[in-house]
Amino acid sequence: MTEFKSDFLRILKERGFIHQISDETGLDDLFAKETVTAYIGFDPTAPSLHVGSLTQIVMLHWLQKTGHRAISLMGGGTGMVGDPSFKEEARKLMTIDMIEENISSLKRVFSNYLDYDNGQNKALMINNAEWLRPLNYLEFLRDVGRHFSVNRMLSFDSVKTRLDREQSLSFLEFNYMILQAYDFVELNKRYDVRLQMGGSDQWGNIVNGIDLGHRMGTPQLYALTSPLLTTSSGAKMGKSVSGAVWLNADLMPVYDFWQYWRNTEDADVVRFLKLFTTLPMAEIEKLAALGGSEINEAKKLLATEVTAMLHGRQAAEEAAETARKTFEEGALADNLPSISVTKAELEAGIGLLSLVVRAGLAASNGEARRHVQGGAVRINDVAVSDERKAIGTAEVSADGVIKLSLGKKKHILVRPE
């Protein structure tokens, strides 16, 4: 096992961020002797990233915290093409306006992890549309495209997987890896970037950039990838019962985000504390020794620390307090997630199944029915077994709301308007 000299690589190694490095010794020497500029690219395919991207964002956080310069590259140009890596089918094409709106929305998350305003090593948020949209196609083919071997590009796992499934790979998508490689070279010229980081599925694309840089006369470039995370049970990070676990609060309430981490599997708690919080390793090692019901205290700490980094300490502590009141005191906490219904709807009666779906506790009436039949659905803490039940004004509590629950951990307040 490599013992790193540089703070950045040592932290990444001990916290479990490293999957592959193109040249460990060369990169470690570079980090040990100078301020290194590194980047990770994010394509703005939605108004928010989900927790599957959190590993990369926290890597940029540690990069800046250890004195280096972090660049979060927004794919305003590459987003018009779409990364085909390991995708079963092409992404839906987005307009420039959609891309710009998404980038604006994504910025809110990054500013919680990176300081873009202060210090000599302040972070940069850059849009690759700056150099990709104005490209002259014939010049680009001649100056950049000639360095790429189609035979080699077809050999990458990210492409082979798609072709082996006999899914069409458009020429548009095939260009993506050339554009990403060109980003690396362009960032080196403009900002002296020496390292590109990303998930392990990006290894081929990043190495392409290193090779292109070598052919186009850049200094030695480097690649570092992190493992693609799954939970101990094999589930992909970023999914919950009600769908994607978004990082933007307008797509996923802070309480729900906190609760997602509170529900972490026992076997994942220590690993997630290392990856997604900045708690000192000595403190994490103490938490690792906890067993039995004590592990629940470590889960609460995990949930609060991850939420604090993203949404701020006050919001995280409010979410933790809401959970404590709900679960330990059985009280009705005002800042539980809520939905609104009209008084007219309540007077007419809302079907239980449709209310469960509307509250986001099930994806369909069929799934809601199974929850009811399994005894998991409660109204005002009382189990409901009649799937045909209509919820009306009689269920509105003295607090002026209806508490709708799925199991012991998911609660929604239904507010009449």
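Lys299 and Asp266 make a salt bridge, with their closest N and O atoms 2.6 Å apart. Lys299 sits in helix 15 (residues 295–311), while Asp266 is in the loop between helix 12 (254–262) and helix 13 (269–276), so the contact ties together parts that are 33 residues apart in sequence. Keep in mind that this is a predicted model. Here's a quick tour of the charged pairs, one well-covered strand, a buried threonine and a group of aromatic rings.

**Salt bridges**

- In total, the structure holds 16 salt bridges.
- Back to the opening pair: Lys299 counts as buried because its relative accessibility is 8%, under the 20% cut-off. Asp266, on the other hand, is partly exposed, with a relative accessible area of 49%.
- Helix 15 also has a pair of its own: the side chains of Glu297 and Lys300 meet in a salt bridge at 3.3 Å, N to O. These two residues are separated by about one helical turn because they are three residues apart in helix 15.
- Glu297 comes out as partly exposed, with 49% relative accessible area, and Lys300 is also partly exposed, at 23%.
- Arg190 pairs with Glu130, and here the closest N and O atoms are 3.8 Å apart. This one links distant parts of the chain, from helix 10 (residues 176–191) for Arg190 to helix 5 (residues 129–132) for Glu130, 60 residues apart.
- Buried or exposed, or something in between: where does Arg190 fall? Arg190 is partly exposed, with a relative accessible area of 40%. Glu130 is partly exposed too, at 43% relative accessibility.
- Glu130 and Arg190 aren't on their own: salt bridges that share partners join them with Glu186 into one network.

**Strand 6 and its neighbours**

- Strand 6 covers residues 222–226, and five of its five residues are buried.
- Both of its faces are covered. Tyr222, Leu224 and Ser226 are buried on one side, with Ala223 and Thr225 buried on the other.
- Which way does strand 1 (residues 20–21) run against strand 6, parallel or antiparallel? The two pair in the antiparallel sense, over two bridges. If you want a landmark, Gln20 stands opposite Thr225 in strand 6.
- Strand 5 (residues 193–199) pairs with strand 6 in the parallel sense, over five bridges. Look for Gly199 here, whose bridge partner in strand 6 is Ser226.
- Follow the chain from strand 5 through helix 11 (residues 203–215) to strand 6 and you've traced a right-handed β-α-β unit.

**Thr277, tucked away in a loop**

- Thr277 lies in the loop between helix 13 and helix 14 (281–288).
- Loop or not, Thr277 counts as buried, with a relative accessibility of 1%.
- What does the Thr277 side chain reach? It gets to the backbone nitrogen of Leu279, at 3.3 Å.
- Leaving out residues up to four places away in sequence, Thr277 touches Arg15, Trp62, Phe272, Ile284, Leu302, Glu305, Val306 and Met309.

**Aromatic rings**

- A search of the whole structure turns up nine aromatic pairs.
- One of them is Trp261 with Phe272, an edge-to-face pair with the ring centres 5.9 Å apart and 80° between the planes. Trp261 lies in helix 12 and Phe272 in helix 13, so this pair ties together parts that are eleven residues apart in sequence.
- Both partners are buried: Trp261 has a relative accessibility of 0%, and Phe272 has a relative accessible area of 3%.
- Phe272 also pairs with Phe276, with ring centres 5.5 Å apart. Why is this pair called edge-to-face? Its planes are at 65°, and the cut-off for that label is over 60 degrees, so it qualifies.
- Phe272 and Phe276 are separated by about one helical turn, being four residues apart in helix 13. Phe276 is buried as well, with a relative accessible area of 1%.
- Put together, Phe257, Tyr260, Trp261, Phe272 and Phe276 form one aromatic cluster.
- Phe272 links two of these topics, since it's also among the residues that Thr277 touches.

Methods
Residues are numbered from 1 along each chain as its sequence is written. This is a predicted model: local features need pLDDT of at least 70, side-chain atom pairs count only at pLDDT 80 or more; totals for chains, interfaces and linings use all residues. Side-chain values use heavy atoms; hydrogens and water are left out. A salt bridge is a side-chain nitrogen of Lys or Arg within 4 Å of a carboxyl oxygen of Asp or Glu. Buried means under 20% relative accessible area, exposed over 50%, partly exposed in between (1.4 Å probe, protein chains only). Two strands pair if DSSP finds at least two bridges between them. A crossover is right-handed if, with the strands pointing away from the viewer, the path from the first strand over the helix to the second runs clockwise. A polar contact is a pair of N or O atoms within 3.5 Å; within protein, one must be able to donate a hydrogen and the other to accept it, and residues adjacent in sequence count only if both atoms are side-chain atoms. Contact means heavy atoms within 4.5 Å. Rings of Phe, Tyr and Trp (its six-membered ring) pair if their centres lie within 6.5 Å; planes under 30 degrees apart count as stacked, over 60 as edge-to-face and the rest as tilted.
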